[in-house]
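Visitor: Please take me through how the helices pack against one another here. I would like a close look at that part alone.

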Amino acid sequence: MIKAVIFDMDGVLIDSEIVYLDHMHEKLKLKYPDISRDALFTVVGATTKRTMEILGEVIGKDTDSLEFQEMYAGIWADCRPDYFAILRKEVPELLKEIHRRGYLVALASSTSRAGIEEVLTTCGLKGDFDYIISGEEFKESKPNPEIYLHTAEALHCAPEECLVVEDSTYGIMAGHGAGMTVASLVDERFRFDRSLADYSIHSLGEVLEVLEGLEKKG
């Protein structure tokens, strides 16, 4: 029986992945005009550390070099998304409805703790979660399942009592690896691999239908 719903943030609660990807691509093109947007798809859903590793491979630079560190910091210096504008409209009521139905609600995101706090504060969602955790608080974040196993333990739930709502390949792998039921929010823009997801949903409102179906299964 499902007792908790654990949400990813970027790409799930907020439609931010396309914003970050386009911003990164536009900044990189100034110095690397031949870089393709498609070459950056694998950063979607990754931690900052993994994003830097991928970017270093794409442009052929040592990520430990001062040149790379300064370039990477410069990419994000003026990235200021309007988080409230890209919040999926159904999120506030959905989180409250899941609570009303007696489930615990958690957030497990690869984004930094500061980034999570900014999004939740801007969107007025901080009070809607029973537990919040950042992947950067672990040695390895998604696709490593540790973040989800930790979250289940914090909620006093077994992994099989948790439903994970994800979008990216990394996140789906992490939820599946933790032994949880995974619902994947379909996003065709990034060619995510959803083969390990138990459910594919086209809107967050369908999370309620998934929960109802799982209740019937017992």
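Guide: What follows goes through two helix pairs and then a helix with its cover. The model is predicted, so local features need pLDDT of at least 70 and side-chain atom pairs count only at 80 or more, while totals for chains, interfaces and linings use all residues. Residues are numbered from 1 along each chain as its sequence is written, and side-chain values use heavy atoms, without hydrogens and water.

Start with helix H2 (48-59) and helix H3 (residues 66-76), whose axes (lines fitted to C-alpha atoms over the stretch in contact) come within 12 Å and cross at roughly 115°. The crossing of H2 and H3 is right-handed. From H2, Thr48, Thr51, Met52, Leu55, Gly56 and Ile59 meet Phe68, Gln69, Met71, Tyr72 and Ile75 of H3 (contact: heavy atoms within 4.5 Å). By class, this contact has 7 nonpolar, 4 polar and no charged residues, with Gly counted as polar.

Helix H5 (residues 91-100) and helix H9 (residues 206-217) have axes that come within 10 Å and cross at roughly 20°. That makes H5 roughly parallel to H9 (under 35 degrees). Their crossing is right-handed as well. Leu94, Glu97 and Ile98 of H5 meet Val207, Leu208 and Leu211 of H9. The contact of H5 with H9 divides into 5 nonpolar, no polar and 1 charged residues.

H2 also helps to cover helix H8 (residues 169-177). In H8, Tyr170, Gly171, Ile172, Ala174 and Gly175 are buried (under 20% relative accessible area, 1.4 Å probe). Their cover also includes helix H7 (146-154), strand S4 (162-166) and strand S5 (181-185). After H8 comes Gly179, with a positive phi near 80°.

Definitions and conventions: Axes fitted to C-alpha atoms, helices over the stretch in contact; angles between N-to-C directions. Helix = DSSP H or I, 4+ residues; strand = E, 2+ residues; numbered from the N terminus. Parallel < 35°, antiparallel > 145°, perpendicular 65-115°, else oblique. Left-handed = near helix turned anticlockwise from the far one by under 90°. Buried < 20%, exposed > 50% of the residue type's maximum accessible area, 1.4 Å probe, protein only.
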